[in-house]
Structures are given as C-alpha cells and as structure tokens.
Amino acid sequence: GVSLRRGAMASLGGHARFATRATIAAPSRRRHASARLAHPVRRPTARSSRVARPGPDPRGLCVSRPAAAASDDRAPAAAQDDGPDVVFEFDDFDDDEPWDVIESFDEDELYELNASRSDADADDTYFDSYSHLGIHREMIGDAARTGAYLDAIEAHRPQIEGKVVLDVGCGTGILSMFAARCGARKVYAVDASGITRHTRRLVKENGFDGIIEVIKGKMEDVDIPEKVDVIVSEWMGYALLFESMLPSVVDARDRFLAPGGFVLPNEAAVKVALMSDEDRWHDSVTFWTDVYGLDFSSLIPRAKRDWHADPPVQTVPSDKLASDPVDAVEPVDCASVPLDALYEPIAGDVRMVASKTCDVHGLALWFDVDFYGKVKLSTGPDAASTHWYQTVLMFDEPAAMAAGDALCGTIELEPGCNPGERRTLNVYFNYDVVEGGKEEDGLVEPDDRERFQRWTVQ
C-alpha cells in the first residue's frame, strides 16, 4: 500500500505539487512471505495545519490566519503529536479563508524539500521493517550466515579481547554478544530500528549489560565517545548492494576506527554466471501462449517488464548455471573504500564462457564476503543455502550459445538515485555473444554492444 505523509504543498506552473513522498512497502529479506495490505486512511473533512499552498508570486509557504491564531495557544511544536497520516488537497480548505505567505521557495528548494522528505520516509519505512522479530528470526536462523560471523569473530579473538568493538546495525545484538563472549572490553551496539527495545533486555538477560551499550539511532547521527578497534556489521543485501547499508559502515569506519583496526567482513565480491533455465522461461513466458486453449500471449511483455522492475530473489539450482562464476565488478575493500565512491555507479567488464550448448536465459547474481582470509561466506548456488538466495536477472530473449562461446560485456551497478529510492540497486548490462575461439578486437565500449538489459533490485 501507499500512504502520503503530511507535508508542505506548493504551486508549480499552476498545478499543486505535494512536498511529500510515498511510503513504499518495507524492504524484507523474506520474499516468500505473504503481503499485508494497509487499510485505507479516511481523510478528515476539516483540520488546521501548516501547509504549503499557492500564494502570490514568488510561490510560497502559507498558513491560514485562523490556524495561525489558534497555534498561539498550543504547546510548542516539538511537544505536539505529528498526528495521523493524511493527504491535503485544495478542496479541504474554504476558498474564502484568508492566507498569508510566511516563507517562499524557488524550484530548486522545492525539489530539495521533496527529495529530503522522500528519503526520510523511505528510511523510516526501511528501519521499521527491522523492528519486527520475524526478519531477525530469519537472519539468525540462517546457519551459514550466523555461523560464518561466529567463526569470524572467534577467529579474531586476539584482536577483540580487551578491545573496543562497534556493531553497526546490531539488530538483536547477537554479533555484539559474540564479541563480548570473546573478551571485548566494550561493545557499542547501534541500530536505528525499534528492535533495540528487545536488544537491551537480551543483553541484560545474558549478563553483558556491563559490556554492551545499546544505542538507538542512525549510525551517521551517532557519536561514540572513543575510538574502536573492530567494526563488525552484517550489512549485505540482495546482490550485495541492495539496501545500501555499506555507507553507514564506512562512515563509522572513517569516524571511529582506530589506526590498524579491523572491519569484519573486510572484502565483498559480487559474482555473476550465465543461467540456462527452460522451466523458468516456460513458467514466465511460454506459459501464456496456450492457457487451456486460449491465447494469453499479449501478457508476455508485461511479464518481462515485471522481472526487470523487480527481479526474483530465489534459489538457482547449480545445474542451471551455464558458466563458471566471475566477478561482476572489482571486489569492495571495506577497510579502504572511500565513502563517496559508494554513491557512484561501479562497472566491470565480464567474459563468461558457456560450459554447454544451450539457450542462456539470463544471469544469476550473488555475493561472497571474506573475513581476512580466516572465514568466507558465500551465497552462491554451490554453497549452503542462505536467506539471500540468488538474484535472477532474466533476459528479454534467450541467447543461443554453443559450448565455448563467450558472453562478453559490461555490468554496471548503480545505487538508486531518485528521492525515496536510494536503497534500490539498478543493474545495467551491455553485452555480445562471441563465438568460441574468437577474441574481441580491443576494448569495446558499452554503447557499442549489440544487446542491452536493465533491472532494478528492490
């Protein structure tokens, strides 16, 4: 469901534009859970609130005189309840009611106002999704994930014992408790979601309240009173970079990590391989050509748009892979990557050689992370199953390939840049099929490739 939060509204080119943003369904790592639809919100017929409304040029933020007078008798704004989510429209107000301009905006300011509020609402929705126990049960119950972190923390006992640890996005605090159990002198456990109300209790019940300090807040807004020796975080999302949590870890690294400190995990790599899956293609495409003797093939373009707009996150059986995996882009060094680089697209040239003669229906994408060579966690088809599964990137049309042919191209991973969508991940792929035994003539620019595909992981 989509709800609009109360915010400023302004006139642009004779039309009203709301300085608000859509609250989208919370990102969840459990893609197979049933969806819950929000109940429609009944709009109150009358209310007084500070809103943006068309005023004299230049366009301005206006407040009704009756509402302004009433506000003098109210409690300070900081003490007032924000109230229910509502939608303001011009019809809600009496056209004869007088209005005064109290603040003016130009177009750039209006855009920034809308953008910042969209991002803030998206963050609120994102963090709220981690306030519920279900997602934490899923993550903790992922034996490959939690076991790898336990092994990695215990493997770094010499670097943790008697030292200070920062857990970014601590959730229930399980990684913080692993560190405390390994002898950490102090652990700062930071999380912006409401799960922290349970985390504090769990820390106390397990006897770590003198060691672990739970802090509720966005990492970027939190101040730690001392340098830390180790930063641990389980920040990875689908296709590694969905959810865009790594910038929070790097921000903490730049502000709080002591010289010579450790970041766990320290390296992350996005892996990609060719996928040949006739069953998946049939279920999504050719199924529509004959539905109980009826022709539903006009739905095929819609089906293809759906898998580009929201690629499936599912298990890809290893026998569906049609090539060895390669790095999609240069692996990320979490201990040194600049913060600014995480907000820019990253691209890599790939060459995937078909291991069999088949139709290639798309790509399988996953990630591996490394803990200084002591422990490795893989989310690939050949590894133990995890709650990240694999991200399936289907082609519009299959690519016929013989064993030894190569699919060559450039993959680009771009963090979402639209307001309210900054935790999404855009994937672009320009590619060609090169016959076996042949090499490309020098460097081929992406725009010179014959084929192009785009997906948005969200």
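## Cysteines, a buried histidine and aromatic pairs

In this predicted model, the count of disulfides comes to zero under the rule that two cysteine sulfur atoms must lie within 2.5 Å. In general terms, a disulfide is a covalent bond between the sulfur atoms of two cysteines. Among the residues described here, Cys-170 is buried, because its relative accessible area of 6% falls under 20%. Cys-358 is likewise counted as buried, with a relative accessible area of 13%.

### His-361 and the strands around it

His-361 belongs to strand E18, which covers residues 358-371, and this histidine is buried, with a relative accessible area of 0%. Its side chain reaches the backbone nitrogen of Asp-277 at a distance of 2.9 Å. When neighbours within four places in sequence are left aside, His-361 is in contact with Met-275, Ser-276, Asp-277, Glu-278 and Trp-281, and also with Leu-393, Met-394, Phe-395 and Pro-398.

Strand E20 spans residues 390-401, and E18 and E20 run antiparallel, joined by seven bridges. Within this pairing, Ala-364 stands opposite Val-392 of E20. Strand E20 also pairs in the antiparallel sense with strand E14 (residues 313-314), here over two bridges. In that second pairing, Gln-314 has Gln-390 in E20 as its bridge partner.

### Aromatic pairs

How many aromatic pairs does a search of the whole structure find? The search finds 10 aromatic pairs, and two of them, both stacked, are set out below with their centre-to-centre distances and the angles between their planes.

| Aromatic pair | Centre to centre | Angle between planes |
|---|---|---|
| Tyr-238 and Phe-242 | 5.7 Å | 15° |
| Trp-288 and Phe-296 | 6.4 Å | 10° |

The residues of these pairs can also be described by their exposure. Tyr-238 counts as buried at 2% relative accessibility, and its partner Phe-242 is buried as well, with a relative accessible area of 4%. Trp-288, by contrast, is partly exposed, because its relative accessible area of 24% lies between the limits of 20% and 50%. Phe-296 is also partly exposed, with a relative accessible area of 33%. Trp-288 and Phe-296 further belong, together with Phe-287, to one aromatic cluster.

Technical notes
Residues are numbered from 1 along each chain as its sequence is written. This is a predicted model: local features need pLDDT of at least 70, side-chain atom pairs count only at pLDDT 80 or more; totals for chains, interfaces and linings use all residues. Side-chain values use heavy atoms; hydrogens and water are left out. Buried means under 20% relative accessible area, exposed over 50%, partly exposed in between (1.4 Å probe, protein chains only). Helices (H or I, at least four residues) and strands (E, at least two) are DSSP runs, numbered from the N terminus. A polar contact is a pair of N or O atoms within 3.5 Å; within protein, one must be able to donate a hydrogen and the other to accept it, and residues adjacent in sequence count only if both atoms are side-chain atoms. Contact means heavy atoms within 4.5 Å. Two strands pair if DSSP finds at least two bridges between them. Rings of Phe, Tyr and Trp (its six-membered ring) pair if their centres lie within 6.5 Å; planes under 30 degrees apart count as stacked, over 60 as edge-to-face and the rest as tilted.
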